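Let's take a friendly tour of a protein model. Have a look at the picture first, and then we will go through it together.

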Amino acid sequence: MTTKKCAACHRSALNDSEYCLNHKQAFDSVTNHYRVWIDACGDISWQNFLHKLSTMQETGSWVKEAIALELEK
Ligand SMILES: [Zn+2]
């Protein structure tokens with residue numbers, strides 16, 4: 001059995017994720033935030049949303065790292 005590495009850092013990834021626990025939690029919070037945003041503010045594309053978040057000062061570094069990876073996809 002090989003241990004996967006997190007796509008965003010050197011920690012081990014979770015079995016069911018490409019991310020470690022920290023980055024997975026960060027990314028899950030982004031996904032939840034996206035749904036809330038759409039309900040509250042209307043339609044925005046996933047890519048635009050990620051861009052917006054990555055430029056906000058209050059976005060944490062775990063989240064920004066996960067976002068940077070998603071935007072490369
Ligand atoms: Zn990680």
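## Buried cysteines

C6 counts as buried because its relative accessibility is 6%, where buried means under 20% relative accessible area with a 1.4 Å probe, protein chains only. C9 is buried too, at 17% relative accessibility.

This is a predicted model, in which local features need pLDDT of at least 70, side-chain atom pairs count only at pLDDT 80 or more, and totals for chains, interfaces and linings use all residues. Residues are numbered from 1 along each chain as its sequence is written, and side-chain values use heavy atoms, leaving out hydrogens and water.

## The zinc site

What coordinates the zinc ion? Its partners are C6 (SG), C9 (SG), C20 (SG) and H23 (ND1), at 1.9 to 2.3 Å. Along the chain, these donors (N, O and S atoms within 2.8 Å of the metal, or 3.2 Å for Na, K and Ca) are spaced as C-x2-C-x10-C-x2-H.

The site is tetrahedral, with angles of 107 to 113° among the four donor atoms; four donors earn that name if all angles lie between 85 and 135 degrees. The ideal angle for four tetrahedral donors is 109.5 degrees.

## A buried serine

S17 sits in the segment before α1 (21–41); helices are DSSP runs of H or I with at least four residues, numbered from the N terminus. With 10% relative accessibility, S17 counts as buried. Not counting residues up to four places away in sequence, S17 touches K4 and K24, a contact being heavy atoms within 4.5 Å.

Methods. Tetrahedral: all angles 85-135°; square planar, octahedral: opposite > 155°, others 65-115°. Buried < 20%, exposed > 50% of the residue type's maximum accessible area, 1.4 Å probe, protein only. Helix = DSSP H or I, 4+ residues; strand = E, 2+ residues; numbered from the N terminus.
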